[in-house]
Amino acid sequence: MGAAGLAAYLFLGQSNAQSASVSFEDTEGPNLVIEVSGTTNGSITIDLLPNVAPLHVEQITALAEEGAYDGVIFHRVIEGFMAQTGDVEFGKIGGDTVRAGMGGSSRPNIPAEFSDVPFQRGVVGMARSASPDSANSQFFIMFEPATHLNGQYTVVGRVIEGMDVVDAIKKGSSQHNGAVLDPDQMAHVTVVK
């Protein structure tokens, strides 16, 4: 999440209202299945949207199929906002994760694929720096709607199963921009086509 997105989030404040579930349907796109472990255990299924963000979906599926996401932590988790993960460079469990959130992968960054798909609860977006064309491997899952992100970040998918697992991911400290001590991890990530 870039500084502008965070600043807008902090300005608007957090929403504590949380709907019980999401109701997205499985489309023809591949599904990303994330096995979460740590203080939270369970499975999250994300319906990827190649018709919305084909380059981003291609990158995520390639990284998952290579096993690059296995053992990557949820390094930034903000109650009422989102859970961020996917730093395959600096976010591997057991490594020095002090720089988690600052890395990407060995693959090139991807140009923005902004759309009119809104950032609702359960929507998955690509994290990036201030540059719109800097998304690489990191992504975030929304706990609640965040309209200020619409058209500013690439939507890549939607949670269709396991939103209860997303809700239970260990939260970070608000004083430290959501950084999580002893974070949960994506133990194993697979692609189902």
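Are Phe140 and Tyr153 buried or exposed? Hold that thought for a second. One caveat up front: what you see above is a predicted model.

So, the answer: Phe140 is buried, and Tyr153 is too. For Phe140, the relative accessibility comes out at 0%. The two rings form an aromatic pair, edge-to-face, with 5.9 Å from centre to centre and 85° between the planes. Phe140 belongs to strand E7 while Tyr153 sits in the loop between E7 and E8, so this pair ties together parts that are 13 residues apart in sequence.

Phe140 has another partner as well. In total the structure holds three aromatic pairs. One of them is Phe119 with Phe140: the ring centres are 5.7 Å apart and the planes make an angle of 15°, so that pair counts as stacked. Here Phe119 comes from the loop between E5 and E6 and Phe140 from strand E7, so parts that are 21 residues apart in sequence get tied together. Phe119 is buried, by the way, at a relative accessible area of 1%. Put the three residues together, and Phe119, Phe140 and Tyr153 make one aromatic cluster.

Okay, let's zoom out to the sheet. What order do the strands come in? Reading across, we get E3-E9-E1-E2-E8-E6-E7-E5-E4, an open sheet of nine strands with antiparallel pairing. At the edges we have strand E3, residues 72-73, and strand E4, residues 76-78; each has a single partner strand, so one side of each has no neighbour in the sheet.

Now walk inward. Strand E5, residues 82-85, pairs with strand E7, residues 139-142, antiparallel and over four bridges. Ala83, for instance, has Ile141 in E7 as its bridge partner. Next, E6 and E8 are joined by three bridges, antiparallel again, and Val123 faces Arg158 in E8. On to E2 and E8, an antiparallel pair with four bridges, where Thr45 is matched with Glu161 in E8. As for E8 itself, six of its seven residues are buried, so the rest of the structure largely encloses that strand.

My favourite strand is E1, though. Six of its seven residues are buried, so E1 is also largely enclosed by the rest of the structure. E1 and E2 run antiparallel with six bridges between them, and Ile34 stands opposite Ile44 in E2. Those two strands form a hairpin with four residues between them, and Gly38 in the turn has a positive phi of about 130°. E1 also pairs with E9, over seven bridges and in the antiparallel sense; there, Ser37 is matched with Gln185 in E9.

E1 spans residues 31-37, and Asn31 is part of it. At 10% relative accessibility, Asn31 counts as buried. Its side chain makes a polar contact of 3.1 Å with the side chain of Asp26.

Then there's the packing. In soluble globular proteins, nonpolar side chains tend to be buried together. Here, the largest nonpolar core has 51 residues, and those with the most contacts inside it are Leu32, Ile34, Ile44, Ile46, Tyr69 and Met142. Beyond its neighbours within four places in sequence, Leu32 touches residues including Ile44, Ile60, Phe139 and Val189.

Last item: helix H2, residues 54-66, lies across E1, E2, E6, E8 and E9, at about 115° to E9. That's my tour, over to you.

Terms used:
Residues numbered from 1 in each chain as written. Predicted model: local features only at pLDDT ≥ 70, side-chain atom pairs only at ≥ 80, totals over all residues. Heavy atoms only, no water. Buried < 20%, exposed > 50% of the residue type's maximum accessible area, 1.4 Å probe, protein only. Polar contact = N/O pair within 3.5 Å; in protein donor to acceptor, adjacent residues only side chain to side chain. Pairing = 2+ DSSP bridges. Contact = heavy atoms within 4.5 Å. Axes fitted to C-alpha atoms, helices over the stretch in contact; angles between N-to-C directions. Core = buried A, V, L, I, M, F, W, Y, C linked by side-chain atoms within 4.5 Å. Phe/Tyr/Trp six-rings, centres within 6.5 Å; stacked < 30°, edge-to-face > 60°.
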